[in-house]
Amino acid sequence: MMRNPMLAALAMLLLGPSGPVAQETGPNRPKTAPGSGAPRTTPSAPQSKPPAPRPAGQTPAETEAAPKPKPMHETLRGYLRQIKGVRLERADKDPNTIVSHYTATTGETFDIVVIHSPRKKMVGLYSYAFGNVAEARNANDLRALLLNANEALAFGSFFVDREQDIGLKWSLRTETPITFEAFQTVYLGLAAAAREYGPQIADCMKDKAKEGESDSTPPPPRDDGENGADSPAPSKVTRERRVRNPQ
């Protein structure tokens, strides 16, 4: 105890009745939870797994590249195999030329050639076997028939090539993908046009043949090398015309 009462009273005023004032926590001293002597720590966020290293010189697109698409001619052959009634010939040296034979439900068969032209970015469908303008009794009437048919057709248009052979064609652009549904619609539409107008064109050729018989003058021979070249409308096209693109 302090001997000097004055000093004791001064100490009571400075310290107060409850003893020394508790010290504040220093800036570098961790706080403790009430009733615990262990310092309080804040849990850290879980560390994410670092990405796997990529081979040097490759971009993410190259490391996850999509499978290479099939060539167009393979896609077209696959489409043709899915159409009922279609028979394909074996591929020639040029795989972009596909010769197909379509047999309708009525039993009629039509030759349709599918040609892919990468340079033109186009897929063309062609059908011949309609005869030659030179065989018609009246070429003007025949041309009028073809023009009227082109006005009425939804798919396909008739044309006359440099050799005066009559053909039917339709084209599809390849800038956008060609779906099976679109290809099948055009293919069957072309076959339907050939089935509808083929007999009308053949009638024009028969008139020419009858006129030749009455005059005892044989009709002009064809240059396709087929047997029965004097027949008015051959049922099949030659190999040369199958693979020729009239455009």
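Reply: Let's start with a definition: two strands pair if DSSP finds at least two bridges between them. Here, β3 and β4 run antiparallel and are joined by five bridges. Keep in mind that this is a predicted model.

Me: Okay, before we go on, how many helices and strands does the chain have?

Reply: The chain has six helices and six strands. Going along the sequence, the pattern is α-α-α-β-β-β-β-α-β-β-α-α.

Me: In what order do the strands sit in the open sheet?

Reply: The general idea is that strands of a sheet pair through backbone hydrogen bonds, either parallel or antiparallel. In this structure, six strands make an open sheet in the order β1-β2-β3-β4-β6-β5, and the pairing is antiparallel. β1 (86-88) and β5 (157-160) each have a single partner strand and stand at the edges, so each has one side without a neighbour in the sheet. On average, neighbouring strands of the sheet are turned by 30° against each other, with direction ignored.

Me: Back to β3 and β4. How many residues lie between them in the hairpin?

Reply: There are four residues between β3 and β4 in that hairpin, and lysine 121, which is in the turn, has a positive phi of about 55°. You can also pick out a facing pair: valine 113 stands opposite tyrosine 126 in β4. On to another partner: β4 pairs with β6 in the antiparallel sense, over six bridges. There, serine 127 has leucine 168 in β6 as its bridge partner.

Me: Is β4 mostly covered or mostly open?

Reply: Mostly covered: six of its six residues are buried. Try looking at β4 one face at a time. One side carries Met122, Gly124 and Tyr126, the other carries Val123, Leu125 and Ser127, and all of them are buried.

Me: How many residues are in the largest nonpolar core?

Reply: As a general idea, in soluble globular proteins, nonpolar side chains tend to be buried together. In this structure, the largest nonpolar core has 38 residues, and those with the most contacts inside it are Leu125, Leu142, Phe158, Ile166, Phe183, Tyr187 and Ile201. The elements giving two or more residues to this core include α3 (72-82), β4 (122-127), α4 (139-152) and α5 (180-214). The biggest share comes from α5, with 12 residues. Apart from this core lies another one, of five residues, among them Val113, Tyr126, Tyr128 and Phe159.

Me: Which residues does isoleucine 166 touch?

Reply: If you skip residues up to four places away in sequence, isoleucine 166 touches a list that includes Leu142, Leu146, Phe158, Phe159, Ile201 and Met205. While you're in that area, look at α4: this helix lies across β5 and β6, running at about 150° to β5.

Me: What share of the chain is buried?

Reply: Buried residues make up 32% of the 247 residues in the chain. The accessible surface comes to about 17100 Å², and 55% of that belongs to carbon and sulfur atoms.

Me: Which salt bridge can I look for, and how far apart are its closest N and O atoms?

Reply: The general idea is that side chains of opposite charge can pair when their charged atoms come close. A search of the whole structure finds one salt bridge. Arginine 173 forms it with glutamate 175, and the closest N and O atoms are 3.1 Å apart. Arginine 173 has a relative accessible area of 43%, so this residue is partly exposed. Glutamate 175 is partly exposed as well, at 48%.

Me: Now arginine 77: buried or exposed?

Reply: The cut-off helps here: buried means under 20% relative accessible area, and exposed means over 50%. Arginine 77 is at 11%, so it counts as buried. You'll find arginine 77 in helix α3. Leaving aside neighbours within four places in sequence, arginine 77 is in contact with Leu88, Glu89, Arg90, Ala91 and Ile98.

Me: And threonine 105, where is its place?

Reply: Threonine 105 is in the loop between β2 and β3. Its relative accessibility is 85%, so threonine 105 counts as exposed. Now check the distance to glycine 85: the two residues are 20 apart in sequence, and their C-alpha atoms are 8.1 Å apart in space.

How values were computed: Residues numbered from 1 in each chain as written. Predicted model: local features only at pLDDT ≥ 70, side-chain atom pairs only at ≥ 80, totals over all residues. Heavy atoms only, no water. Core = buried A, V, L, I, M, F, W, Y, C linked by side-chain atoms within 4.5 Å. Buried < 20%, exposed > 50% of the residue type's maximum accessible area, 1.4 Å probe, protein only. Contact = heavy atoms within 4.5 Å. Axes fitted to C-alpha atoms, helices over the stretch in contact; angles between N-to-C directions. Areas by Shrake-Rupley, 256 points an atom, 1.4 Å probe, with all protein chains shown as cover. Salt bridge = Lys/Arg side-chain N within 4 Å of Asp/Glu carboxyl O.
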